[in-house]
Amino acid sequence: MRIRYCTDIGLWSVDRPRSSCRHASPFCARHCYNASLYRAFGHTMAPSDSLSEVSWLSLSPATVSAMFDRLERSPRFRRSRRLRLMTRGEALSTLSDLPRVRYFLDGARAHKTLVWLPTRAWRSSTLRPYAERLQANYPDTLRLLASTDPSDPIAPPGWSTMFFGDNDATSGRILCPKTWKTHANTCATCRGRCFSPRTVRGETHIHLKQH
Ligand code: SF4
């Protein structure tokens, strides 16, 4: 299974093409932080996206297990035991993604690893209850956060959130040290925020600074 080390956040991360972002808000679609990447490297992004999607769609307990075997040889993984689904694209794009996410979480649980899953699936009335059930079933493994922005700032009760798009709207939110202090690799060691057990209880509300 395809996974890459993302230097910016200091975590191993899975990607999907932006076409998986079916539940993006109008603001998110306009201000996608990957847009500049596609403008600069469009010729290499398309083949890479295809490989990522093939890898994601063929995800199985066996491919997840092989991926963790590889990761266990990485000191950077062993230091943090944290992964991100996704750096680009949406893990919970359709109902057919649910078994794949469960296989991934089962593998993570077996390897005592936290999985950070920022999502817009909360905007889908179909997907939202399934996403909530995932969080309820994997409290030891999953850190599910609703991605929010000025066009859609209020997530349903019980959801932890990550807000982006208005640098003044910090009230009630915890400042993300990576974006507010521009510390690279911060997600690998960040405490009390996205990876906190409070996230499972819907008590974590992160503010990402827009640059
Ligand atoms: S709050 Fe911490 S874990 Fe969350 S995005 Fe910012 S640096 Fe990363």
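## Two backbone oddities in loops

Helices here are DSSP runs of H or I at least four residues long, strands are E runs of at least two, and both are numbered from the N terminus. With that in hand, Arg81 is easy to place: look in the loop between α4 (75-80) and β3. The model is a predicted one, and in it Arg81 takes a positive phi of about 50 degrees despite not being a glycine. Is Arg81 buried or exposed? Neither extreme fits: Arg81 has 15 C-beta neighbours inside 10 Å, so it counts as partly exposed.

Lys112 is another non-glycine residue with a positive phi, again about 50 degrees. You'll find Lys112 in the loop between α5 and β4 (114-119). Lys112 counts as exposed because it has 9 C-beta neighbours inside 10 Å, and the cut-off for that label is 12 or fewer.

## A cis peptide in β3

Moving on to the strand that follows the Arg81 loop, check the peptide bond joining Leu85 and Met86: it is cis, with omega at about -10 degrees. Met86 sits in strand β3, which covers residues 82-88.

## The nonpolar core

Leu85 turns up again in the largest nonpolar core, which has 45 residues. The members that touch the most other members are Leu85, Phe104, Leu105, Val115, Leu117, Ala131 and Leu142. As background, nonpolar side chains tend to be buried together in soluble globular proteins.

Phe104 is a good one to click on. Skipping neighbours within four places in sequence, Phe104 is in contact with Leu59, Val64, Leu85 and Val115.

## How α3 packs on α5

A pair of packed helices is described by the distance between the axes and the angle between them. For α3 (residues 61-71) and α5 (residues 97-110), the axes come within 9 Å and cross at roughly 40 degrees. What is the handedness of the crossing of α3 and α5? This crossing is right-handed.

On the α3 side, the residues in the contact are Pro61, Val64, Ser65 and Phe68, and they meet Tyr103, Phe104, Asp106 and Gly107 of α5. Sorted by class, that contact has 5 nonpolar, 2 polar and 1 charged residues.

## Tyr138, between α6 and β5

Tyr138 lies in the loop between α6 (128-137) and β5 (142-148). Despite the loop setting, Tyr138 is buried, since 22 other C-beta atoms lie within 10 Å and 20 or more is enough for that label.

Which residues does Tyr138 touch, not counting those up to four places away in sequence? They are Leu105 and Arg109. As for Trp122, it is 16 residues from Tyr138 in sequence, and the C-alpha to C-alpha distance is 17 Å.

## Around the ligand

Now for the ligand. Around it are Cys176, Pro177, Lys178, Thr186, Cys187, Cys190, Arg193, Cys194, Phe195 and Ile206. Two elements, α7 (177-180) and α8 (186-189), give two or more residues to this shell. By class, the shell has 7 nonpolar, 1 polar and 2 charged residues.

Lys178, one of the shell residues, can also be set against a residue from the start of the chain. Its C-alpha is separated by 19 Å from that of Arg4, with their positions 174 residues apart along the chain. Arg4 belongs to strand β1, residues 4-6. Arg4 is partly exposed, because 13 other C-beta atoms lie within 10 Å.

Conventions. Residues numbered from 1 in each chain as written. Predicted model: local features only at pLDDT ≥ 70, side-chain atom pairs only at ≥ 80, totals over all residues. Axes fitted to C-alpha atoms, helices over the stretch in contact; angles between N-to-C directions. Left-handed = near helix turned anticlockwise from the far one by under 90°. Contact = placed C-beta atoms within 7 Å. Nonpolar A, V, L, I, M, F, W, Y, C, P; charged D, E, K, R; others polar. Near = placed C-beta within 6 Å. Core = buried A, V, L, I, M, F, W, Y, C linked by C-beta atoms within 7 Å.
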